[in-house]
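Biologist: I've got the model open and some questions ready. Shall we go through it together?

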Amino acid sequence: MPAISLKVNQRAVTAEVEPRTLLVEFLREHLSLTGVHVGCDTSQCGACTVFVDGVSVKSCTMLAMEADGAEVTTIEGLAQGGKLHPMQQAFHEHHGLQCGFCTPGMVISSADLLKRNPRPTEGQVREWLEGNICRCTGYHNIVKAVLACAEGSAK
Amino acid sequence: MTTESKSLIGAPIARKEDRRFLTGTGRYTDDLNRLHQTHAVFLRSPHAHAKIVSINTSAAAAAPGVVAVYTGADIAADKVGGIPCGWLVKNKDGSNMVEPPHPALVADVVRHVGDQVAVVIAETKAQAKAALNLIEVEYDVLPAAATVRDAVAEGAPLVWEQAPGNTCFDWHLGDLAAVEAAFAKAHKIVEIEVTNNRLIPNAMEPRAAIGEYDAAGDMLTLYTTSQNPHLIRLLLGAFVLGVPEHKLRVVAPDVGGGFGSKIFHYAEEAVVVWAARKIGRPVKWTAERSESFMSDAHGRDTVMTAKLAVDREGNFLGFRVHNTANMGAYLSTFATAVPTYLSGTLMAGVYKTPAVYVEVRAVFTHTVPVDAYRGAGRPEATYVIERIVDKAARELGMDRLEIRKKNFIRTFPYKTPVALEYDTGDYDATLAMALEKADVKNYPSRVEASKKRGKLRGIGYSTYLEACGIAPSALVGALGARAGLYEAANVRVHPTGSVSVFTGTHSHGQGHETTFAQLVAQQLGIPFDKVEVVHGDSDKIPFGMGTYGSRSLSVGGSAIVKAVDKIIAKGKKIAAHLLEAGEADIEFKDGKFVVAGTDKSKAFGEIAFAAYVPHNYPIDTVEPGLDESAFYDPKNFTYPAGTHVVEVEVDPDTGVVTVESVVAADDVGVIINPMIVDGQMHGGLAQGIGQALFEECVYDESGQLLTGSYMTYSMPRAADFPMFKVGNHVTACTHNPIGAKGVGEVGAIGVPPATINAVLDALAPLGVTDIQMPATPEKVWRAIVAAKGSKAQ
Amino acid sequence: MKEFHFHRASSVADAVAAVKGASAGKFLAGGQSLLPVLKLEMAEPSDLVSISRIKELRGVCVDGNKLLIGAVTTHAEVAASSEVKKHIPGLAALAEHIGDAQVRNRGTIGGSVAHADPAADYPAALVALGATIKTDRRAIAAEDFFTGLFETALEPDELVVAVHFPIPEKSAYAKFASHASKYALCGVMVSKTGSDVRVAVTGAGQKVFRVPEMEKALAARFEPSALDGISISADDLLSDGQASAEYRAHLVTVMAKRAVAAA
């Protein structure tokens, strides 16, 4: 089996994987990073979204082999030193999650948006989240949380 | 219950459960892995209706990594029982409904695409999937009936021989003679036919189950994505596997949404537990989304015709509904209760219509079973009522709100002609609040602005009512329920005064860990952080009926309040001893036991400590410890109600409907955590608008599922909605100690008719008078083209 | 997903050699089209040859009156490129609305073009703009490139290396997306350079196609109203649960007008 070396949540990882292993399978099954979720099999729900080299990607639609040499950040790696990332904090304060299943992908995707566009409009937030499906919140409080995070009002 | 001083009741406290979900440390069923675990995958029928001529599993069994392959024959040989239905509905003539068998693996005839035919268990999921392809099944494909209309057609293929005409039952409620008399004296009879589109629940976490067998203790454990682990234990233990409760543990850990679809007992749960015992190793199954589409119970799918008799002034005289409801191929756990006791009983709505009669013909089809989905029967009732009321106003030339107000129920308690008794409500108040929030007085200027952009604007209303917390047990038992509908709680005070609350309800997004902690902390006058809420494990919780029908706070919360009452009562006895006072003189206030009229008191923590370290203790009359359980069986349903107002803009060139404004003014009773209540509203509204505009499960004539993935089934996205405007007007429920009514489903119940009424209002100038859900762009465009065509003629 | 061998190519020659040497090799760029197909086991390649890290295949540059986009340039990179925004803003806008954000972060122009999904957005741009597809061995005009449903003029071992877009006077894309899949049910790209007007439609037919009648009308008068009364036949259009052929045909005119208005 071929081997890959990458950084996951700032930790160096080397592992042998079958070439057909998806990045999400590698993260969940090899590294037990079960915060990365699988909600569909057609690359649409976005529950598996992680950062790869700083951009949000669907880890169900990327081979683990393609992450060789990359830096991957999952939801588990977002909080630093026990302190929630501002986007996580904003989701908490604004009740941007209910069952929590889509949440890891939502938070990563939202954080990616603010990296590119620090002050998005409500419409831009809604458009950006096209690749993340939530069944619980009606998106209302997710959008509110992202806008609040952008305004830096999340404490 | 004490609600005075620095109240936690009504406080928008951020949720306790958030941190684990936000940091990826939640534990959903698929996140669990057991030692020596194997992986199961199911072979599912590609046909809607076919006879299994032969099935050959030998190549699959010999494939690498395969531990076992089982078919329906193995299930039958082990005498594994079928998946039971939880509610027996009677026909008009008093006879029982047709209740066909529902084997965990099918041996002879498959009856829907996705019906489970075999299971492969292997060391890895990949090996199991590879072996699955090696199973050879010869099918004799038979004709199918996939829709309600197909199933009731003359000569339709039968799903079950014992159900002629595919009829499962033919039920009715109400006074037919009174309705006929009302129709005879009517000024006008308004008629409508409406379809409630079939929906696929799509909780974001696909279902999963792990079965485990501990030979040493002869113990079976099921980890499952369930809204009600005790109910699963009851059905799986008593009906399917024949295992007593004390040998079967069911755990529902973090569950990623349910919306009804995870209430029911599913075949996969039975198979993994049964197989785990057979092979002596844990067996894990996780649905892929495509499997969810063809194996999770679907929702809605009814065709209704209704007639409303009105007098000249717009008073409703009589209402008659005929509902044909799709059950799917098998009867899922609560399927039969949905169109009857959850929908038929709601047909009075908020109106004082003196005579109401409803008939329900439930039919089998060659489709996935249909059961409760957020709202469960109540959206269907609300939809037909609120559509026909709009139509009546139009036909009488009356204002749509005036006709509603004219018929509102205003005196309580109110006994409806369809078996319910509304305890309280104030429909004028929520209507007024909604109109204010929707800025209805400036609506005409918005119509003009839309017009300038070449768009058609419409506004729609729905003044809905629903019934939550289905109860009481004695009544539902008499009506055919095979379970009680109470709830259980255990409140365990620890020696140092912290509290664990064990509830039989299950939280899968609703925030019980927070709401119930607020409730208990308030009642005991202790800090919120000192209360931990535990749910989802049949070994930890005394009993439970789970979470559905917006019952958790009104029923489950009430059980908790009752248990805390017992804690306080016992605390008073202990305090009386310690304070050397009479028990009757002890008051419990703000976390202190006080001798009335004195400054002598003991803190709650001191009493807890004394209960567990009973050195100075009334040991002759009071047992040590501070741990109480309670069961609460409600006296009645609760009746949330309100007004929803939707404003849409229609692009006449494309037929696209844009939701411009959504207002919901609701009376959900007393609110513990308004932030969580608003969140529940938002989610329900999105699902309701999803039903009205986007979502539809479609089968073709042969019973193939055409909307079997997110490529074809339209899930609502963030860009489909504006910010929702929600508000509450509280009238407290009169018969539970909290005063709560329930909020989980109101959005999904109230908003679909408001949305469609808005679309029809926008299209009215073009002459469009009807459109079926979902109002997709093509459907709207076609309605516009057809209306233009008929105008031109 | 079935098993396969994985190769990481370091150059175009290396990649082509690897696919040539495999029994059923396939190039892997961003994988946003290919991986969903593999997951459904609708394709079973023996070998996947990753080209995503071949530097020469990535990036945007201007060469005279042409915009050159390397095959593994992602949709997000095209959308954000100042060169694309400056020279063909209609193309940048198109890229900005392909799929969703995560797909745009991985998906590439070369991969999209080679996959030739009938509902993909790029084919409309390539045909309307008169682009040329550069491969490891030749240049193919866009109109000759897309040959059918998921079919192109590419040889099995032929690699798209870049797409060359002539810079138009103006252009714009209007899309009507499926609510479920977000793919185009009908996407119309219009471009104008002098008297040369092109209208290309994706999503509605088996493959991207031009609408000569609309082009003629727009060449005479480049305004939405020039398309009044021009409709296309539904006969050869796709019809499925998402949209009937008739509706798609109607949308072609509506979207063409909107594209002209936006150009």
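Modeller: One term before we start: a polar contact is a pair of N or O atoms within 3.5 Å; within protein, one must be able to donate a hydrogen and the other to accept it, and residues adjacent in sequence count only if both atoms are side-chain atoms. This is a predicted model, where local features need pLDDT of at least 70, side-chain atom pairs count only at pLDDT 80 or more, and totals for chains, interfaces and linings use all residues. Residues are numbered from 1 along each chain as its sequence is written, chains are lettered from A and ligands numbered from 1 in the order in which they are written, and side-chain values use heavy atoms, with hydrogens and water left out.

Biologist: How many residue pairs are in polar contact between chain A and chain B?

Modeller: Start with plain contact, meaning heavy atoms within 4.5 Å: 45 residues of chain A touch 52 residues of chain B that way. With both residues at pLDDT 80 or more, the count of pairs in polar contact between the two chains is 29.

Biologist: What area is buried between chain A and chain B?

Modeller: Buried area is the accessible area (1.4 Å probe) that two parts lose on being put together, summed over both. Carbon and sulfur atoms give 58% of it here. The total for chain A and chain B is about 4,000 Å².

Biologist: Which side chain of chain B meets A:Arg28 in a salt bridge?

Modeller: The rule wants a side-chain nitrogen of Lys or Arg within 4 Å of a carboxyl oxygen of Asp or Glu. It finds three such bridges across the interface of chain A and chain B. For A:Arg28, the N to O distance is 2.7 Å, and the partner is B:Asp31.

Biologist: Why does the radius of gyration of chain B agree with a compact globule?

Modeller: The radius is taken over C-alpha atoms, and the globule rule is 2.2 Å times the number of residues to the power 0.38. With 793 residues, that rule puts a compact globule near 28 Å, so chain B agrees, with a radius of gyration of 27 Å.

Biologist: Where is B:Pro413 found?

Modeller: The peptide bond leading into B:Pro413 from B:Phe412 is cis, with omega near -5 degrees. Helices (H or I, at least four residues) and strands (E, at least two) are DSSP runs, numbered from the N terminus. On that numbering, B:Pro413 sits in the loop between helix H11 (400–407) and strand E16 (414–415) of chain B.

Biologist: And where does B:Pro774 lie?

Modeller: The bond from B:Met773 to B:Pro774 is cis too, with omega near -10 degrees. The place of B:Pro774 is the loop between helix H19 (746–763) and helix H20 (777–792) of chain B.

Biologist: On to chain C: which side chain meets C:Asp121 in a salt bridge?

Modeller: An automatic or database domain assignment splits chain C into domain 1 (5–166) and domain 2 (170–262). Across the interface of those domains the rule finds three salt bridges. In one of them, at 3.1 Å from N to O, the partner of C:Asp121 is C:Lys175.

Biologist: Which element gives the most to the side of domain 1 of chain C that touches domain 2 of chain C?

Modeller: Helix H5 (89–96), helix H8 (122–128) and strand E8 (146–148) of chain C each supply at least two residues there. With five residues, the element that gives the most is H8(C).
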